[in-house]
Amino acid sequence: MNLTCGRPVKNSDSPAAASGQAARPKRRDWLLLLSLVLIWAISWPVIKIGVGQIPPVWYGCLRYAIAALILFGLVGARGELALPPRSDLSFVVISGALQMAAYSALTGLALTILPPGRASVLAFSTPVVVAPLAAWRLGEDLGPKAALGVVIGCAGIAIIASPSFSVGGKQALAYVMLLGAAAAWAITIVTVRGHRFTSSALNLAPWQMLIAASLLFPVAVSAEGVPRLISLTGAATLAYVAPVATAFAYWAVVEAGRRFAASTISMALLATPSVGILISTWALNEHINASLLAGVALTAIGIRLTIATTRSA
């Protein structure tokens, strides 16, 4: 199972095996799922610090290059390293380009302007974008509950971004970039929906990350120049984000997908932005006000409605 922003995508594992494993999660499985939520929640303030030390596109490039090397080593140690089959190649390219490269670059640039708590909520709003996009491109039925979820989710996004309406300038641009990141991930989900995978998600992951790093490299060189010597703080954030929040987290979400129902994982990961706000408030003194809380609540309700509708379809 590959998970895209709270939306599960099936891999080549048999449904029967998956459902059998998901029915009997053990204590260590719940700890794994909890650790995944905490790891991704912590990553937002950590990346915020990191892009203050390393140019954001370079940061994304280094993040995925390091994570790709780690996962190539893991897959190689399992004796499963192989080129992606032709049937999975389109998914690898689209996911590497949009879900990873574009998402990382846009969120990194936005984090140079916005606090990480607000940024994480908008970046995790992908399911709100997926529902109307799938209705338009795939002809999927956008039922009343999903339509209500989209409206409520969009209202939450507008409330979170409302401070930029009066300020404008860089803040407004940052919110646009976050919505662009969410849209890039949504396009990936809609494009590969219904794809029957030949390889497992874990075996494809290092190739996706290699493509992401390869695409970000020329953009970083042309837009940000050759990076100066990386500071100890910047290196420390990469030491967390690349191995832990990228390589390990990708493995963890694949493993969680073998042990939990897709709905359980989706609902659990909805907590990530809220936990990220709390961590950001504690670590970076991010200000929490009524508009942020209202926006988080509405966005979560909207996502919950769209995910529930998709799951029951």
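In which helix does leucine 34 lie? Leucine 34 lies in helix α2, the helix that covers residues 27–50, and I should say at the outset that what we are looking at is a predicted model.

Let me stay with that residue for a moment. Leucine 34 has a relative accessibility of 46%, and because partly exposed is the class between 20% and 50%, leucine 34 counts as partly exposed. Leucine 34 also belongs to a nonpolar patch on the surface, which Leu31, Leu38 and Ile42 form together with it, and the accessible area of these residues together is about 330 Å².

Now let me turn to the inside. In soluble globular proteins, nonpolar side chains tend to be buried together. In this model, the largest nonpolar core has 79 residues, and Leu178 and Met209 are those with the most contacts inside it. Helix α11, residues 232–259, gives the most to this core, namely 11 residues. A second core, separate from that one, has 5 residues, among them Val128, Ala131, Val150 and Ile307.

If we look at leucine 178 itself, and leave aside its neighbours within four places in sequence, we find leucine 178 in contact with Thr107, Ala110, Leu114, Ala119, Leu122 and Ala123.

My last residue is threonine 188, which has its place in helix α9, residues 169–192. Is threonine 188 buried or exposed? Its relative accessible area is 1%, and because anything under 20% is classed as buried, threonine 188 is buried. Again leaving aside the neighbours within four places in sequence, threonine 188 is in contact with Ile94, Ser95, Leu98 and Gln99.

Methods
Residues are numbered from 1 along each chain as its sequence is written. This is a predicted model: local features need pLDDT of at least 70, side-chain atom pairs count only at pLDDT 80 or more; totals for chains, interfaces and linings use all residues. Side-chain values use heavy atoms; hydrogens and water are left out. Patches are made of residues with over 30% relative accessible area and no salt bridge: like charges are joined within 9 Å, nonpolar side chains (Val, Leu, Ile, Met, Phe, Trp, Tyr) within 5 Å. Accessible areas come from the Shrake-Rupley method with a 1.4 Å probe; for residues, only the protein chains shown count as cover. A salt bridge is a side-chain nitrogen of Lys or Arg within 4 Å of a carboxyl oxygen of Asp or Glu. Helices (H or I, at least four residues) and strands (E, at least two) are DSSP runs, numbered from the N terminus. Buried means under 20% relative accessible area, exposed over 50%, partly exposed in between (1.4 Å probe, protein chains only). Contact means heavy atoms within 4.5 Å. A nonpolar core is a set of buried Ala, Val, Leu, Ile, Met, Phe, Trp, Tyr and Cys residues joined through side-chain atoms within 4.5 Å.
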